[in-house]
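Q: Please take a close look at the ligand site of this model. What surrounds the ligand, and what are the pockets like?

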Amino acid sequence: MQGILDKQLIRKTSFINGQWQDAADTFEVRNPANGQLLAEVGNAGADEATAAVEAAYQAQKAWAATPAAQRAALLMAWHDAMLAHQEDLARLLTLEQGKPLAEAKGEIAYGASYVKWFAEEAVRVYGDTIPAPSADKRVLVVKQPVGVVGSITPWNFPNAMMVRKAAPALAAGCAFVAKPAAETPLSALAVAELAQRVGLPAGLFNVVVGTDAPAIGKVLTQHPHIRKFSFTGSTATGKRLLAQCAEGVKRTSMELGGNAPFIVFDDADLDAAITGLLAAKFRNAGQTCVCSNRIFVHSKVYDAFADKLVSAVAGLGIGDGLAEGTQIGPLISQGAVDKVAELVNQSLAQGAQCRGSAPVPTEGHYYPPTVLTGVSNAMAVSRNEIFGPVAPLIPFDDESDVIAQANDSEYGLAAYLYSRDIGRVFRVSEALEYGMVAVNEGILSNAAAPFGGVKASGHGREGSRYGLDDYLDIKYLCLGGMDK
Ligand code: NAP
């Protein structure tokens, strides 16, 4: 595999109870930039997932009893190892996922920042004492790790989506079983290699890789030892997994799909809005859950904004993520390209116009960065999560109307607005039915902030001081006879 210096980071089998597990059968991982075979990976299934949950169960109690400062020190060592191997981890990520190398390096640093954040939070899991209702009682609250956590994560951030869950889980004193997406298992396995190197005790961090997601998912949502299930992926899959979790009344965190509005008011700094939009729309070739999906532009500045965007998009470098100057890599698969093309074609048939797109390499799964004008909130590109480098511009005239249009979606993950009117900034951000609102900014996620959505975008928060609560149970201690 091109340019990866530390070959031991290229792991091709599941990691369970501190051991690399051979499998009878394998599946292929291919580079979406050129279709080349990267690895034949051991295909694990329900049996391996069960073994991982049982190993996690055995390891968790001792880990929970380990002083928080020791857990934090191990997490910091893991963080340091990730940064020490940032270049190799990023190359591996680009090879299997396609994003430009600079973005992949950013993802490794971003994932590691959650490990550092939660290592620091691990030592601040405070309880409460509450004034009791009578003189003979004392009321105490302690927080305890939920236990064994199962997780399933997608291919668009193969490192960070998994690490962002594992870090708070381990910091809280939980044990963790991960199932990464079958398209991108190598990044997760490399992180497991580093966990082993820094001496994380066996069984605490397990990675099960395989193509039978429903079978592995059934174990991770329904095994009696699973106490919490954390998912990032599409809303359709999330609903199915939530239903599976309901049977055992498991705690859940669901980071699901989005359909982010990006609102540009007529008082906005248009150049800043273009810079923000390029980041919010075209990062990872438009394959992020917080990608701006519907770009509402005030009609007074609509034409000027469209012109600026068309010329900015024409300058984007498209190609293999490992090539110098690439800003837009391939999509994850040909199926993804076909889906984006279908949404664009439907919208063109409904009256949208294509104002700009660029040529793409003939080999690999590319879709040209595209600007659509004359779009309405009812068209196919507005109703669906595009998950590709397509920017649909919708004109609007009125503040309350654009709020209503922005909220007219089943999703509620991220929203963006550009305005220099402080009153409007507050009015609109308070009215938007979204878990996160970025104001005059195109990149909103960081470890200090609570990431998550409302409505069909899910529940739970990742990062911030709230993120640890997702992995802790509250226990109330009632002490009686205290007046004698
Ligand atoms: P997906 O189809 O839901 O797949 C995500 C994960 O679920 C993969 O690991 C997949 O495994 C697994 N999976 C699929 N069907 C399953 C089943 N029946 N049982 C158990 N596991 C199953 O999502 P995607 O299309 O790959 O990912 C993109 C979606 O993720 C978008 O909707 C995006 O908005 C969302 N996302 C959300 C966030 C957030 O934080 N809110 C962040 C990133 C992405 P296989 O790959 O092995 O099939």
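**The ligand site and the pockets**

A: In this predicted model, an oxygen atom of the ligand lies 3.3 Å from a polar backbone atom of G233. Two side chains also make polar contacts with the ligand. In T237, an N or O atom of the side chain is 2.9 Å from a ligand oxygen atom. In R164, a polar side-chain atom lies 3.4 Å from an oxygen atom of the ligand. The protein buries 86% of the 910 Å² that the ligand exposes when taken alone.

The shell around the ligand comprises 31 residues, and the closest of them are T153, W155, S234, L256 and E385. By class, this shell contains 16 nonpolar, nine polar and six charged residues. Four elements each supply at least two residues of the shell: the helices α5 (160-172), α7 (213-222) and α8 (235-247), and the strand β10 (226-232). R164, whose side chain contacts the ligand, falls within the range of α5, and T237, the other side-chain partner described above, falls within that of α8.

The ligand takes up the space of the largest pocket. That pocket holds about 590 Å³ of space. It is lined by 27 residues, and those closest to its centre are P154, F231, G233, S234 and T237. Elements that give two or more residues to this lining are α7, β10 and α8. The lining divides into 13 nonpolar, nine polar and five charged residues. Several names recur from the ligand shell: S234 is among the residues closest to the ligand and also among those closest to the pocket centre. G233 and T237 likewise appear near that centre, and each has a polar atom paired with a ligand oxygen, through the backbone in G233 and through the side chain in T237.

The second largest pocket encloses about 280 Å³ of space. Its lining consists of 17 residues, with Y110, F157, R283, I443 and S445 nearest its centre. Two elements, α4 (101-122) and α5, give two or more residues to this lining. The greatest share comes from α4, which provides four residues. Y110 lies within the range of α4. By class, the lining of the second largest pocket has nine nonpolar, three polar and five charged residues. The helix α5 thus has a part in two settings, as it supplies residues to the shell around the ligand and to the lining of the second largest pocket.

How values were computed. Residues numbered from 1 in each chain as written. Predicted model: local features only at pLDDT ≥ 70, side-chain atom pairs only at ≥ 80, totals over all residues. Heavy atoms only, no water. Near = heavy atom within 4 Å. Polar contact = N/O pair within 3.5 Å; in protein donor to acceptor, adjacent residues only side chain to side chain. Areas by Shrake-Rupley, 256 points an atom, 1.4 Å probe, with all protein chains shown as cover. 1 Å grid on protein atoms, 1.4 Å probe; cavity = no way out; pocket = protein on both sides within 12 Å on 5 of 7 lines; lining within 4 Å. Sits in = over half its atoms within 2 Å of the grid points. Nonpolar A, V, L, I, M, F, W, Y, C, P; charged D, E, K, R; others polar. Points joined across faces, edges and corners; volume = space filled by probe spheres on them.
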